[in-house]
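Colleague: I've got a model open and I'd like to learn how to read it. Could you walk me through a few features?

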Amino acid sequence: MQDQRDSAVVAVPDGAVPGRHRVVIIGSGFGGLFSARALADADVDVTLISSTTHHLFQPLLYQVATGILSEGLIAPATREVLAKQGNVEVVFGHVREIDLAARTVVAEALSARTTYSFDSLIVAAGAGQSYFGHPEFARFAPGMKSIDDALELRGRIFGAFEMAEIAAASGREADLERLMTFVVVGAGATGVEMAGQIAELSKRTLRHDFRNIASKNARIVLLDAADQVLPAFGDHLGDKARKRLESMGVEVQLGAKVIDLDADGIEVEDPDGTRRRVEALCKVWAAGVQASELGRTLSEQSGAELDRAGRIHVQPDLTLPGYPNVYVVGDMITLDNLPGVAQVAIQGGRFAAKQIVRRLQGEATQEKFSYFDKGSMATISRFSAVASVGRLRFSGFVAWLMWLAVHLFYIIGFKSQIGTFFHWAVSFLGRQRGERTFTEQQIYARLAIDRLGSDFRPSADLGPAAPAATGAIDRPDDRSDPSDA
């Protein structure tokens with residue numbers, strides 16, 4: 001890639017064969033990575049563009065946040081994963097523009113803008129957290145969609161116990177309830193898994209580590225505006241999960257709609273209209289997703305509609321209307337009520353890759369993407385999970401063993417699989433967690449970047465004058481109050 005600050009230049013991948021079909025893939029998640037792998041033996045040149053340098057195994061993010069796994073185990077470098085695939089070039093950059101008619105994609109890294117031409121395009125940019133029209137909530141309740149989110153939450157969770165220890169040692173008993181209350185918003189799989197792990201953390205891992213507080217007395221609250229835990233799993237498994245959480249001391253509050261939150265707590269509205277406040281320093285947002293903004297770009301050019309979550313209505317074969325060479329896969333799409341799970345992205349990415357190969361070989365392409373549901377699983381605590389596979393329903397230890405096997409199988413790379421297995425052994429058979437390190441930077445960095453504003457673009461100019469020019473970041477002494485996190 002050439003570096004040019006003022007204008008985009010057209011990049012030609014190293015080793016590209018003149019005249020060979022060019023496939024550009026946007027995103028290194030499940031959809032992007034598996035579509036690239038499916039093109040390994042195809043006579044094409046592949047350019048995979050991603051705003052991160054890693055492939056994220058998102059279903060295990062909550063274990064990074066709660067100290068079970070390191071981020072490296074669930075986020076191997078994309079270049080390493082695809083190093084042996086000679087027809088793929090991996091590029092770091094934020095995609096800023098897509099021109100479907102001109103068949104170009106413009107990506108930006110620092111000040112360098114580069115244009116990539118394509119013959120076929122696979123867009124697998126994924127989704128972020130949705131705050132249902134209240135983006136300001138993100139300041140006090142991080143989501144669970146990236147490594148940055150997980151590391152920030154690790155700092156907030158373990159940091160809350162540290163602040164509680166200081167308060168107790170100082171005789172500030174009135175602050176303990178707020179500091180030792182953890183609220184998880186959203187009773188889907190991510191919320192259930194997070195609430196269960198915070199409960200285990202407080203009652204097993206930390207119970208001998210503090211001198212002035214009893215970590216087992218921490219209050220964990222799981223909120224959801226719906227009337228059921230794990231609604232996608234059905235009533236039976238949802239009830240099983242709820243009972244298990246309650247037996248662990250988690251307060252499950254359903255029909256509770258979040259109407260406001262701040263640094264010190266969260267306000268909810270119950271089904272009868274009653275409003276109440278839960279004082280809590282640490283809050284986790286695990287409710288709702290919003291598709292990548294690239295969906296809007298594609299919608300404007302193709303005429304395809306967007307739903308409320310920003311997902312684009314694709315054709316049955318995952319293409320856009322009028323653009324049979326452009327595929328959209330994974331969390332960005334809405335089609336036949338497909339769930340927002342990893343298997344949809346994996347199968348969609350493979351399908352798109354096979355469609356491209358069929359067209360190049362002059363074969364008929366499939367008219368419709370057919371999703372094979374391999375089931376859904378969620379872990380609640382060690383030795384306890386729920387699983388739905390076809391018409392079969394499992395819970396407890398058997399479901400937990402199934403969950404272990406499936407997740408180990410889909411983690412990318414033997415090194416990560418072995419590392420994950422041993423970390424699980426330490427955490428589940430013992431009571432220790434090997435990844436409890438956190439820093440203030442992990443907690444405050446996102447807030448500092450947010451204060452730079454939506455027009456901020458990373459730059460190679462890291463001199464002292466850069467922050468002062470924006471006037472957006474407060475002095476360290478202005479933001480040292482832990483309650484602001």
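Modeller: Sure, and keep in mind that this is a predicted model. Let's begin with two helices: α11 passes α12 in a right-handed crossing.

Colleague: How do I describe two helices that pack like that?

Modeller: In general, you give the angle between the axes of the two packed helices and the distance between those axes. Here, helix α11 (residues 397–410) and helix α12 (residues 414–429) pack at about 150 degrees, and their axes are 10 Å apart. Angles over 145 degrees count as roughly antiparallel, so α11 is roughly antiparallel to α12.

Colleague: Which residues of α11 and α12 meet?

Modeller: From α11 you have W400, W403, L404, H407, L408 and F409, and they meet Q417, T420, F421, W424 and F428 of α12. Sorted by class, that contact has 8 nonpolar residues, 3 polar ones and no charged ones.

Colleague: Let me pick H407. Is H407 buried or exposed?

Modeller: For that you look at relative accessible area, and under 20% means buried. H407 has 10%, so it's buried. H407 sits in helix α11, and beyond its neighbours within four places in sequence it's in contact with F57, P59, L60 and W424.

Colleague: How far apart are the C-alpha atoms of H407 and F57?

Modeller: They're separated by 9.3 Å, although the two residues are 350 apart along the chain.

Colleague: What about a strand residue? What does T379 touch?

Modeller: T379 is in strand β22, residues 376–381. Not counting residues up to four places away in sequence, T379 touches Y62, V192, E193, S384, A385, W400 and W403. Two of those names should ring a bell: W400 and W403 are also among the α11 residues that meet α12. T379 has 2% relative accessibility, so it counts as buried too.

Colleague: And which backbone oxygen lies 3.4 Å from a polar atom of the T379 side chain?

Modeller: That's the backbone oxygen of S381.

Colleague: Can we try one more threonine, T78? Where is T78 placed?

Modeller: T78 is in helix α4, residues 78–81. Its relative accessibility is 1%, so T78 counts as buried. The side chain of T78 reaches the backbone oxygen of H54 at 3.4 Å.

Colleague: Which residues is T78 in contact with, leaving aside its neighbours within four places in sequence?

Modeller: They are S28, L48, T53, H54, H55 and V90. You can also check a pair of C-alpha atoms: those of T78 and L33 are 8.1 Å apart, with their positions 45 residues apart along the chain.

Note on methods: Residues numbered from 1 in each chain as written. Predicted model: local features only at pLDDT ≥ 70, side-chain atom pairs only at ≥ 80, totals over all residues. Heavy atoms only, no water. Helix = DSSP H or I, 4+ residues; strand = E, 2+ residues; numbered from the N terminus. Buried < 20%, exposed > 50% of the residue type's maximum accessible area, 1.4 Å probe, protein only. Polar contact = N/O pair within 3.5 Å; in protein donor to acceptor, adjacent residues only side chain to side chain. Contact = heavy atoms within 4.5 Å. Axes fitted to C-alpha atoms, helices over the stretch in contact; angles between N-to-C directions. Parallel < 35°, antiparallel > 145°, perpendicular 65-115°, else oblique. Left-handed = near helix turned anticlockwise from the far one by under 90°. Nonpolar A, V, L, I, M, F, W, Y, C, P; charged D, E, K, R; others polar.
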